[in-house]
Amino acid sequence: MTLPPRGARGRRPARTRARWLRRVWAVPTGRFGICVVAAIILIAVIARIWTPFDPQQVNVQDRWLPPSWPHLLGTDGAGRDILSLVMAGAGTTLWVAVGSAAIATVLGVALASLGALTTRWVRESVAVLIDILVAFPVLLVAMMISAVWGGSLWVVIWSVGIGFGVNIARVTRPELRRVLHSDFVLAGTAAGLTPTQNLWRHLLPNVAPVFIVQLSWAMAVAVLAEAGLSYLGFGAPVTEPSWGVLLQDLQQYLTVYPLAVLWPGLAITVTVLGLNLLGDGIREASDPTLASATGAARTSRTHVPEVVS
Amino acid sequence: MRLEVQELTIEFGGDRVVDGVSFEVPDGGTVGLIGESGSGKSLTALAIMGLLPEGAQASGSILWHGREILGLHERALAALRGDEIGIVFQDPRTALNPIRTVGRQIGESVQIHERLRGRELRARVVAEAARVALPDPEGIVRRYPHQLSGGQRQRVAIAMALACRPRLLIADEPTTALDATVQAGILDLLRGLTADEDMSLLFITHDLAVLAQVATHAVVLERGRVVEAGQVPRLLSEPRAAVTQGLLRDATATLWRGQTPSEDA
């Protein structure tokens with residue numbers, strides 16, 4: 001169900017966006033990604049208003065309950081309801097993923113543009129700077145930031161944002177250089193586009209596939225990093241609901257109550273998978289050479305004869 | 001509006017690739033720039049548009065309607081490009097952005113120079129597509145470049161260059177990447193457009209047979225220098241420079257189709 005060649009009168013953003021979303025939906029990976037992300041957003045919104053139990057309510061009598069009614073996913077060592085904790089943690093996860101993606105995008109595009117489109121000495125120095133920054137692991141950046149401002153979610157957002165922004169710039173810069181030398185960029189300039197207009201209309205859309213894959217990967221890593229950094233104590237404080245903190249709490253009792261650890265771990269896994277597949281779907285949908293393939297054409301292209309497999 | 005190029009010299013790190021080239025394109029005139037590859041004809045075209053690649057040094061003078069445009073500020077050049085001077089590139093496979101619809105690309109210069117939006121812009125784009133004789137202009141503007149044939153893509157590129165009704169069209173080997181029948185169609189189109197619209201044409205090619213079909217005057221370049229210039233029929237009947245004689249010999253290879261150059265010239 002790709003877009004039929006109708007409508008699209010003028011350039012109405014809302015309609016273009018709907019068409020584009022439909023194209024992402026047409027790709028199986030994109031569909032899965034959209035479902036997962038929508039579910040997480042939904043859960044995060046619901047958790048702000050309602051959770052089955054107060055996620056921070058301690059109830060010593062109900063410690064380590066197995067999944068049962070009314071505690072659907074069981075309880076932890078303090079008798080807190082795990083389902084409520086996971087639901088409350090979804091908001092944190094979402095916030096970290098979106099926040100770090102935003103920072104990574106701005107930083108990555110800015111660095112890549114500086115490194116590709118400016119005069120020679122500026123772009124060469126930026127390229128060297130990017131290479132130096134790539135060498136800094138995210139964990140180190142997180143440690144530096146938290147040493148100055150103390151541990152909080154912002155540390156996670158900024159460190160993952162910076163770390164992946166630099167990575168995105170590293171990958172996008174040569175892509176930009178490549179596209180810059182295409183004839184259609186020259187043709188754009190010949191049509192009277194200023195360099196900035198050319199960047200927005202021709203250059204960035206053409207490097208978007210590379211960029212989007214990196215970005216979805218960055219969002220997925222942000223979820224993992226939030227868990228990891230919170231686990232190490234650089235991220236969310238213990239009072240804040242977070243999958244990382246929850247995982248850290250529960251894993252100490254892994255041998256005794258393995259089922260309890262499963263839930264936050266599963267939530268992280270599904271989210272990461274969903275974000276990655278969404279990225280794949282968006283990349284595929286933003287390439288019009290693939291968009292023309294309808295269901296049948298797609299099947300025929302990806303179909304493997306049974307004899308072969 | 002006339003274009004006068006005087007003593008144009010282009011250097012690449014000390015290498016003179018274009019050396020004192022002078023010619024002029026009168027208002028409504030069709031002039032060919034012809035030479036073998038590496039003779040500096042494409043660079044001359046790029047210099048007129050102010051699109052020289054990084055590291056190229058141009059000197060001399062390019063007068064557009066009496067105004068010096070060589071070394072003009074980038075912003076002033078952007079106002080000129082597309083609006084008064086348009087260019088068509090050699091390879092239609094790479095001259096179009098693969099991920100934008102054809103219509104958006106045709107509409108680009110109109111959007112910038114005439115600030116058309118929405119319905120008006122769309123109507124204009126369809127009209128421009130129809131002007132270059134694209135089949136089903138309503139539908140084709142919604143397509144992507146990869147869904148078009150090579151000849152159609154070159155027509156789109158011409159529509160892009162002509163959308164704002166420039167007074168001068170520079171065509172940089174627009175038919176080289178196309179096969180013979182498509183080439184004839186594109187040449188027909190260019191000839192018709194220059195005749196109807198009172199537009200000047202600077203046609204760059206290495207093929208004298210092609211040139212004979214669109215241009216009245218020609219400038220022959222060799223290694224960055226002008227070796228011969230004059231009326232096309234004269235160049236065809238009594239070529240003086242060795243290069244012109246060579247080009248004429250090569251051109252006869254494409255003339256077996258039965259067209260004699262003097263018919264068109």
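This tour visits a pair of packed helices in chain A and then a strand with its two neighbours in chain B. Keep in mind throughout that the model is predicted.

Begin in chain A by selecting helix α5, residues 138-149, together with helix α6, residues 153-180, which pack at an angle of about 140° with their axes 9 Å apart. Because angles over 145 degrees would count as roughly antiparallel, this arrangement makes α5(A) oblique to α6(A). If you look along the contact, the crossing of α5(A) and α6(A) is right-handed.

Next, show the side chains where the two helices meet. From α5(A), select A:Val138, A:Val141, A:Ala142, A:Ile145, A:Ser146 and A:Trp149, and from α6(A), which they meet, select A:Val155, A:Val156, A:Trp158, A:Ser159, A:Val160, A:Ile162 and A:Gly163. Coloured by character, the residues of this contact between α5(A) and α6(A) divide into 10 nonpolar and 3 polar, with no charged residue among them.

Now move to chain B and select strand β3, residues 30-35, which is mostly covered, with 6 of its 6 residues buried. In a regular strand the side chains alternate between the two faces of the sheet. On one side of β3(B) you will find B:Thr30, B:Gly32 and B:Ile34, and on the other B:Val31, B:Leu33 and B:Gly35, so that both faces are covered.

Finally, add the partners of this strand. Strand β8 of chain B, residues 200-205, pairs with β3(B) in the parallel sense over 5 bridges, and within that pairing B:Phe203 is the bridge partner of B:Gly32. Strand β9 of chain B, residues 217-222, also runs parallel to β3(B) and is joined to it by 5 bridges; here, B:Val219 is the bridge partner of B:Leu33.

How values were computed:
Residues numbered from 1 in each chain as written. Chains lettered and ligands numbered in written order. Predicted model: local features only at pLDDT ≥ 70, side-chain atom pairs only at ≥ 80, totals over all residues. Axes fitted to C-alpha atoms, helices over the stretch in contact; angles between N-to-C directions. Helix = DSSP H or I, 4+ residues; strand = E, 2+ residues; numbered from the N terminus. Parallel < 35°, antiparallel > 145°, perpendicular 65-115°, else oblique. Left-handed = near helix turned anticlockwise from the far one by under 90°. Contact = placed C-beta atoms within 7 Å. Nonpolar A, V, L, I, M, F, W, Y, C, P; charged D, E, K, R; others polar. Buried ≥ 20, exposed ≤ 12 C-beta atoms within 10 Å, placed from the backbone. Pairing = 2+ DSSP bridges.
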